[in-house]
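Thanks for making time this morning. I would like to walk through one model with you, going from the overall chain to its pockets and then to the ligand, so please have the view open.

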Amino acid sequence: MTVKTEETKIKLSHAVACHLRAVRLLHRVTPRFFPVLTAASLADALNPYVAVFFSARILSELACGRRPQILWRWVLAGALCTCLFAVLKALLHQRKETLLDDLYGRKEILFARKMFSLDYADIDRQETHDLRSQIRQNENWSGWGLMYTPGILESALCSAAGILGGIALTVTLFTTPVPAGAGRLTVLNSPLFILALAAVMVLASLAAGFCNGKYISYWGSASKDATLGNRLFGFFGFIGQKKGRGADIRMYNQQNLVKAYWDKNKAFGTKGRLSRLAKGPMGIFNGLANAVTVVITGFIYAFTCLKAWAGAFDVGSVTQYVGAVTAMSWSIYELTALLGYLRTNTGYLDTTFQFLDIPNAMYQGSLTTEKRSDRNYDVEFRNVSFRYPGAETWALKNVSLKFRVGRRLAIVGENGSGKTTFIKLLCRLYDPQEGQILLNGIDIRKYDYRDYMNIFSVVFQDFQLLSQPLGANVAGSALYDEAKVRRALLDAGFGDRLETMPQGLGTQLYKDFTEDGVEISGGEAQKIAIARALYKDAPFIILDEPTAALDPMAEAEIYGKFNEITGDRTAIYISHRLSSCKFCDEIAVFHEGRIVQRGSHEELLAQRDGKYRELWTAQAQYYTKE
Ligand code: ADP
């Protein structure tokens, strides 16, 4: 997977296909939006012609027939139609805007769902985050990407309907001949003349389109700088508001490091690249595109006035033709400009689809894991080796281990020795490159992934709680068994604190959404995370450094109750504090991605040159000095 940043020439067919895909995607999330947008666009496009048509009829009657009855009817019909159109337009636009709001929200959910559904290995990859961030910045910077598509479709519909409406009202401009007695002006009847006029209009439209395309292409060329600048500003511009950073910023004057990104930011302001372009070529091409459109209108004015002068039609028709052609030339201009926008936005859509198309490469098995009341699940690592994506060294090498059901296994080792990686493989967050992990003798890849995950309760080192009520956090759901949640909290050592929670299990954690929220300490959060693992009640309970944030009293309490807490579950326990491993049935010592020793605390301590003894002695010395 590579992040697309290079500008390439985009084919029109690709641009159209991309936008159609975007429309289909958005249509799926808010199905009513596009029909309403189409109706609103048609109403917009046809609106000017209603006024043009009726004013022409009224002017003609005023100039020629002067029949009050007829005039009265035209005025009434004109007022009624204009009024109806205005009401219809307002209703459609109001509905469109409401649905557009809905679409914005659902589009975000679309990205969130994609993030949720990605393989963990892809979530862990920096490129995935870069891609998502790039999409967000493109949207923030100037609305490019998925949500630019409705605007493009609206313009396409408006201009196409505008051109058709214009043609309908101007056909007679070309078909009504100048009377034979008009002298040299009869040349206006010549098909050659009409052809030449059409050629000039087409050429001028193309020139306007070219200038507009050039103007828009500068947006694309500036986007790389601007999105990066915007991204840096997005990060550093709001850093002062982030609660967790407040103390470090003050202590180490980090604002000086941040300031450089404000001062040198080229994404915004008059010294920015986009601003310089706007003052230079962008402005010139935009001006030229507008000027050429006015030239087209000028030609049509001249042609219409000359024909009216020669007696081909009356003054009312002049109003109709001039009004219709002016509206139509704007529609032509819009359509040509649209090609530029279409091409530019395609680059942004490519990035969006690059993200949305990240495949789920992990093999998804279909086997259901047997539900066993005796929790007799037999898990075995057989010669497993694993390297993180892009890494050169093995994080785990030839690891073989069999878990004995219902026993407590401690995993110890220095930082970086592969302990957490081992757990991540066990939970199938990654698949190993070599070897096999087996559940009851079957490769875990063959099991349905969700089903397989259900046999594990894990408290990771970097566990995350949500700004949600306490009970919902423990249960992972808004609906839960209160007694079971209380039991889990009690077992995790949170009982006393629960008594002081203002709304009990309903107490909101953290103050993100409410002043009544409770800020909990790291140790309290860890206890809640342990309670969450207990509530899940899975056959395997895995605790990665479960007491790192606990005070000695709380730690002693957890250890004291460890057997009670884990019950008949198979428990895997990662810890730096070797004294806390003593109560485990077996200890596996990891070193540089391998298991170098296995046995009970006493057995391992007896091995004089063993790693365990080395680690134990180092810690014992530390505690003795203390
Ligand atoms: P431990 O839990 O024993 O401290 P880890 O299992 O976290 O060790 O890490 C084992 C090795 O894998 C280390 O060298 C670490 O730098 C590397 N590692 C861990 N996570 C990643 C990752 N997401 N990408 C690349 N390398 C990683």
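When I speak of helices and strands, I mean DSSP runs, with at least four residues for a helix and at least two for a strand, numbered from the N terminus. Counted in that way, the chain has 22 helices and 10 strands, and please keep in mind throughout that this is a predicted model.

Let me begin with the overall dimensions. The C-alpha trace spans about 125 × 55 × 50 Å along its principal axes, and the radius of gyration of the chain is 36 Å, where a compact globule of 626 residues would have one near 25 Å.

Next, the open spaces. The largest pocket holds about 1,500 Å³ of space, and its lining is made up of 37 residues, with Leu 429, Arg 450, Met 453, Phe 460 and Lys 536 lying nearest its centre. Several elements give two or more residues to that lining, namely helices H3 (68-117), H4 (120-123), H14 (449-453), H15 (470-475) and H18 (522-536), together with strand S6 (456-459). The largest share comes from H18, which supplies 5 residues. Sorted by class, the lining of this pocket has 22 nonpolar, 10 polar and 5 charged residues.

What about enclosed space? There are 2 cavities of 30 Å³ or more, and the largest cavity contains about 70 Å³. Its lining consists of Lys 402, Phe 403, Arg 404, Arg 407, Arg 408, Leu 409, Thr 570, Asp 585 and Glu 586, which divide into 6 charged, 2 nonpolar and 1 polar.

Finally, the ligand. Which residues are around the ligand? They are Asp 124, Tyr 388 and Ala 395, followed by Glu 414, Asn 415, Gly 416, Ser 417, Gly 418, Lys 419, Thr 420 and Thr 421. This shell divides into 6 polar, 3 charged and 2 nonpolar residues.

Some of these residues place polar atoms beside ligand oxygens. For Gly 416, a backbone N or O atom lies 2.8 Å from an oxygen atom of the ligand, and for Gly 418, a polar backbone atom is 3.1 Å from a ligand oxygen. With Thr 421 the side chain is involved, where an N or O atom is 2.4 Å from an oxygen atom of the ligand. As for how far the ligand is covered, taken alone it exposes 560 Å², and the protein buries 61% of that.

That is where I will stop, and I am glad to take questions.

Technical notes
Residues are numbered from 1 along each chain as its sequence is written. This is a predicted model: local features need pLDDT of at least 70, side-chain atom pairs count only at pLDDT 80 or more; totals for chains, interfaces and linings use all residues. Side-chain values use heavy atoms; hydrogens and water are left out. A residue is near a molecule or strand if one of its heavy atoms lies within 4 Å of it. A polar contact is a pair of N or O atoms within 3.5 Å; within protein, one must be able to donate a hydrogen and the other to accept it, and residues adjacent in sequence count only if both atoms are side-chain atoms. Accessible areas come from the Shrake-Rupley method with a 1.4 Å probe; for residues, only the protein chains shown count as cover. Ala, Val, Leu, Ile, Met, Phe, Trp, Tyr, Cys and Pro count as nonpolar, Asp, Glu, Lys and Arg as charged, and the others, Gly among them, as polar. On a 1 Å grid over the protein atoms alone, a cavity is a set of points where a 1.4 Å probe fits but cannot get out, and a pocket is an open set with protein on both sides within 12 Å along at least five of seven lines; lining residues have an atom within 4 Å of a point. Grid points are joined across faces, edges and corners, and a volume is the space filled by probe spheres set on the points. The radius of gyration is taken over C-alpha atoms; the globule rule is 2.2 Å times the number of residues to the power 0.38.
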